[in-house]
Amino acid sequence: MSNKRLVIISGGAGGIGTSLSTLFCQQGYAVAIGYSNNRQKAEELALQLNIQGAKALAVAMDYSCRDSIKKAIAKVTEHFLQPVSILINNGALAQEKQFETITDDDWERMLKVNLQGPFIAVQETLNDMKQQQWGRVINITSIGGQWGGFNQVHYAASKAGLINFTQSISKIYSKDGIASMAIAIGLVATDMSAKELASEAGKDKVRNIPAGRLACADEVAKQVLHLCQDDSFYLTGQTINMNGGMYFG
């Protein structure tokens with residue numbers, strides 16, 4: 001049955017998002033490729049995947065706006081004629097900024113997209129999952145949310161909140177067959193991390209990764225796919241540390 005399920009992926013055309021969208025399509029899932037700014041990239045990815053025989057749809061999904069999220073879910077369920085079974089909260093904002101220069105607007109925008117957005121998306125997909133008595137909420141978090149931030153304090157705070165949110169959803173809804181898990185990634189080779197990795201602090205981080213390299217987006221996607229299998233249900237509430245040995249908490 002799992003290969004017939006519908007998955008929504010926010011940031012579905014970004015670095016990790018592209019790998020997620022591609023892998024889930026290859027495994028037979030119906031995939032909604034959520035985008036905020038990358039409309040052209042999302043639509044091109046969906047077209048490419050559909051040509052290959054997949055079931056993909058690019059859909060506008062602004063995580064700072066409940067109305068946008070609701071419209072996206074309605075469009076996706078109507079298009080595929082099935083309820084949402086899997087929600088992958090992958091899209092996020094990042095901003096390199098010294099703590100003293102973070103403005104109120106910076107802080108509010110960061111938490112609105114990175115934390116409030118997933119909260120809204122879960123609320124809006126819960127009924128579908130509860131009716132099926134099966135669901136997955138997978139939150140892509142960060143090592144920054146576990147050990148704090150330096151030049152991205154607001155980003156780290158949002159990801160820490162997302163880890164706690166993952167646990168709360170697990171406590172409330174596991175009884176309904178809905179498992180909630182997080183993957184806390186370290187340094188992944190994507191466009192989003194490029195600026196950080198180009199800085200001296202970023203280069204120093206790479207040199208100190210015990211695994212000796214950055215993670216690949218495909219590696220993250222494969223772990224997410226594993227968490228969406230029936231036999232991974234008992235991992236509900238857990239945060240999987242995927243950081244090459246940088247942090248073991």
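Tutor: Buried means under 20% relative accessible area and exposed over 50%, with partly exposed in between (1.4 Å probe, protein chains only). The model is predicted, so local features need pLDDT of at least 70 and side-chain atom pairs pLDDT 80 or more, while totals for chains, interfaces and linings use all residues. Residues are numbered from 1 along each chain as its sequence is written, and side-chain values use heavy atoms, without hydrogens or water.

Student: Is Glu219, which forms a salt bridge with Arg213, buried, exposed or partly exposed?

Tutor: A salt bridge puts a side-chain nitrogen of Lys or Arg within 4 Å of a carboxyl oxygen of Asp or Glu, and the closest N and O atoms of Arg213 and Glu219 are 2.8 Å apart. Arg213 has a relative accessibility of 42% and counts as partly exposed. Glu219 has a relative accessible area of 27%, and this residue is therefore partly exposed.

Student: How far apart are the N and O atoms where the side chains of Lys97 and Asp106 meet in a salt bridge?

Tutor: Lys97, at 23% relative accessibility, counts as partly exposed, whereas Asp106 counts as buried at 14%. In the salt bridge that joins the side chains of Lys97 and Asp106, the distance from N to O is 2.4 Å.

Student: Which residue forms a salt bridge with Lys71?

Tutor: Lys71 belongs to helix H3, residues 66-80, where helices (H or I, at least four residues) and strands (E, at least two) are DSSP runs numbered from the N terminus. Lys71 counts as exposed at 55% relative accessibility, and a residue four places away in H3 is separated from Lys71 by about one helical turn. That residue is partly exposed, with a relative accessible area of 42%. The closest N and O atoms of the salt bridge are 3.2 Å apart, and the partner of Lys71 is Asp67.

Student: How many salt bridges does the count come to by this rule?

Tutor: The pairs already met include Lys71 with Asp67 and Glu219 with Arg213. By this rule, the count of salt bridges comes to eight.

Student: Which helix gives the most to the largest nonpolar core?

Tutor: A nonpolar core is a set of buried Ala, Val, Leu, Ile, Met, Phe, Trp, Tyr and Cys residues joined through side-chain atoms within 4.5 Å. The largest nonpolar core has 38 residues, and Phe24, Ile33, Ile88 and Val224 have the most contacts inside it. With six residues, the helix that gives the most to this core is H9, residues 217-227.

Student: How many residues are in the second, separate core?

Tutor: This second core is separate, and its members include Ile69, Val84, Val122 and Ile169. Its residue count is 27.

Student: Is Ser232 buried or exposed?

Tutor: Ser232 has its place in the loop between H9 and strand S7 (239-242). Leaving aside neighbours within four places in sequence, Ser232 is in contact (heavy atoms within 4.5 Å) with Arg136, Met181, His226 and Leu227. At 2% relative accessibility, Ser232 counts as buried.

Student: How far apart in space are Lys75 and Val59, C-alpha to C-alpha?

Tutor: Lys75 lies in helix H3 and is partly exposed, with a relative accessible area of 45%. Beyond its neighbours within four places in sequence, Lys75 is in contact with Leu57, Ala58 and Val59. Lys75 and Val59 are 16 residues apart in sequence, while their C-alpha to C-alpha distance in space is 7.8 Å.
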